[in-house]
Amino acid sequence: MNNSRDFKLRERIGSGSYGVVYKGIWITNKSVKVAVKCLEKGNNKDSETNILREIRNLQELKHENIVTFHGSYRQKNICLIFEYSDCGSLYDYLQKKIGKVSNIEKLHWMLQCANGMEYLHSKKTIHRDLKTQNLLLFNNYRTLKICDFGTVKQYATENTELIGTIGYMAPEVCTADGKYTEKCDVFSYGITFWEVFAEKKPFNDLQKKNMHPLAIQNKIINGARPNINDMQICKDSNLIKAIIEKCWGRDPESRPTMKGLIAFLGIDLRLYTPINFEDIEITECVCLRMVDMASAVKQIGELDF
Ligand SMILES: Nc1ncnc2c1ncn2[C@@H]1O[C@H](COP(=O)(O)OP(=O)(O)OP(=O)(O)O)[C@@H](O)[C@H]1O
């Protein structure tokens with residue numbers, strides 16, 4: 001554990017279900033900005049168990065599309081120290097920029113997201129709460145990193161807890177036997193992809209009608225999905241729409257893997273992560289790879305991964 005005196009807390013950024021996040025300064029390390037997530041006073045033991053679980057998980061995870069974990073300290077409460085995102089969440093950014101973000105930027109975020117998720121899955125880890133609020137932006141909105149690992153769990157243990165966010169949660173997470181695999185993240189990825197390209201919150205119409213969250217989840221269990229045609233996407237959109245429908249399919253086994261999604265989109269992000277996003281050559285290149293791949297898949301008439 002780190003020493004609390006090494007950090008100075010500044011303003012509160014926001015709060016989640018089991019903690020408050022503050023902007024902070026790491027005084028003894030070149031005064032770098034950090035985000036400090038503190039377990040709230042008065043929270044129950046479950047929250048502390050979640051945080052301790054988050055610490056164990058985070059220590060294992062190191063990837064360019066996963067928020068860097070710097071350590072933790074205990075003052076009155078346990079506090080986790082993360083790299084600070086000065087661009088905020090993808091959710092907040094999309095809210096501010098409705099109609100103004102290009103498809104290529106959106107695609108690039110979703111590819112980075114798939115890359116981070118593929119890494120998690122390769123570590124036999126399930127995130128279980130993938131959504132735009134848990135995707136943070138860095139590097140002038142170009143780099144996306146997955147955060148909020150309180151819900152992360154190793155596959156090795158039997159997954160039976162009901163954890164996640166209504167609207168993004170796969171049906172099998174909350175059905176009777178409640179056993180699920182990493183494919184629950186693929187479901188959430190499909191919903192998140194739709195949200196980014198539709199620029200709407202999933203099931204917002206039902207929420208506006210004050211439908212109870214559990215009633216919404218029940219509808220999802222019974223097959224309700226966002227309207228795929230709300231996705232504003234360019235060339236080869238039918239193929240992309242078909243892939244997204246596969247992601248949020250009822251049967252987890254038939255959903256693609258994250259590896260399959262990255263392969264379909266035709267991008268090796270390690271090669272294509274743009275150094276300069278304004279560089280049109282690179283963005284065109286990304287687009288071309290995508291279209292190439294889409295027509296190749298079309299030619300062989302295959303959508304299975
Ligand atoms: N590393 C970070 N840098 C900057 N802001 C962050 C960072 N981590 C979280 N935040 C912001 O802090 C706020 C609270 O985040 P937190 O992860 O605790 O909750 P949440 O994801 O919004 O909700 P929940 O955990 O209940 O799903 C959010 O606005 C989030 O964007």
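How many residues of the shell around the ligand are nonpolar, how many polar and how many charged? I began my notes with that count, and the shell divides into 5 nonpolar, 7 polar and 5 charged residues. I keep in mind throughout that this is a predicted model.

**Entry 1: the ligand shell**

I looked up which residues surround the ligand and found 17 of them, with Ser17, Glu83, Ser85, Asn134 and Asp148 coming nearest. Turning to the secondary structure, I noted that strand E1 (7–16) and strand E3 (32–39) each give at least two residues to this shell, and that E1 supplies the largest share, with 4 residues.

**Entry 2: polar contacts of the ligand**

I then went through the contacts atom by atom, starting with Glu83, where a polar backbone atom lies 2.9 Å from a nitrogen atom of the ligand. For Asn134 the side chain is involved, since one of its N or O atoms is 2.8 Å from an oxygen atom of the ligand. With Asp148 I again found a side-chain contact, a polar atom placed 2.8 Å from an oxygen atom of the ligand. I also checked how far the ligand is covered: taken alone it exposes 610 Å², and the protein buries 85% of that.

**Entry 3: His127, by way of Asp148**

Having met Asp148 at the ligand, I asked what its backbone oxygen lies beside, and found a polar atom of the His127 side chain at 3.1 Å. His127 itself sits in the loop between strand E6 (125–126) and strand E7 (135–138). Is His127 buried or exposed? I record His127 as buried because its relative accessibility is 0%, which falls under the 20% cut-off.

**Entry 4: cavities**

I searched the whole structure for cavities of 30 Å³ or more and obtained 2. The largest cavity holds about 60 Å³ of space, and 13 residues line it, with Arg128, Ile163, Tyr168, Met169 and Ser188 lying nearest its centre. Sorted by class, that lining comprises 7 nonpolar, 3 polar and 3 charged residues.

For the second largest cavity I noted a volume of about 40 Å³ and a lining made of Phe193, Ile240, Ile243, Ile244, Leu261, Phe264 and Leu265. Helix H7 (237–247) and helix H8 (258–265) are the elements that give two or more residues to this lining. By class I counted 7 nonpolar residues in the lining of the second largest cavity, with no polar and no charged ones.

**Entry 5: helix H8**

Since H8 had come up at the second largest cavity, I looked at how well this helix is covered, and found 6 of its 8 residues buried. The buried residues in H8 are Met258, Gly260, Leu261, Ile262, Phe264 and Leu265. Three of the names, Leu261, Phe264 and Leu265, had already appeared in the cavity lining. As a reminder to myself, an α-helix has 3.6 residues a turn, so residues three or four places apart point the same way.

**Entry 6: the second largest pocket**

Which residues lie closest to the centre of the second largest pocket? I first noted its volume, about 210 Å³, and then that, of the 12 residues lining this pocket, Tyr22, Cys38, Leu39, Lys76 and Asn77 are the closest to its centre. E1, strand E2 (19–26) and E3 each supply at least two residues of the pocket lining, and I recalled that E1 and E3 also contribute to the shell around the ligand. The pocket lining has 6 nonpolar, 2 polar and 4 charged residues.

Notes
Residues numbered from 1 in each chain as written. Predicted model: local features only at pLDDT ≥ 70, side-chain atom pairs only at ≥ 80, totals over all residues. Heavy atoms only, no water. Near = heavy atom within 4 Å. Polar contact = N/O pair within 3.5 Å; in protein donor to acceptor, adjacent residues only side chain to side chain. Areas by Shrake-Rupley, 256 points an atom, 1.4 Å probe, with all protein chains shown as cover. Nonpolar A, V, L, I, M, F, W, Y, C, P; charged D, E, K, R; others polar. 1 Å grid on protein atoms, 1.4 Å probe; cavity = no way out; pocket = protein on both sides within 12 Å on 5 of 7 lines; lining within 4 Å. Points joined across faces, edges and corners; volume = space filled by probe spheres on them. Buried < 20%, exposed > 50% of the residue type's maximum accessible area, 1.4 Å probe, protein only.
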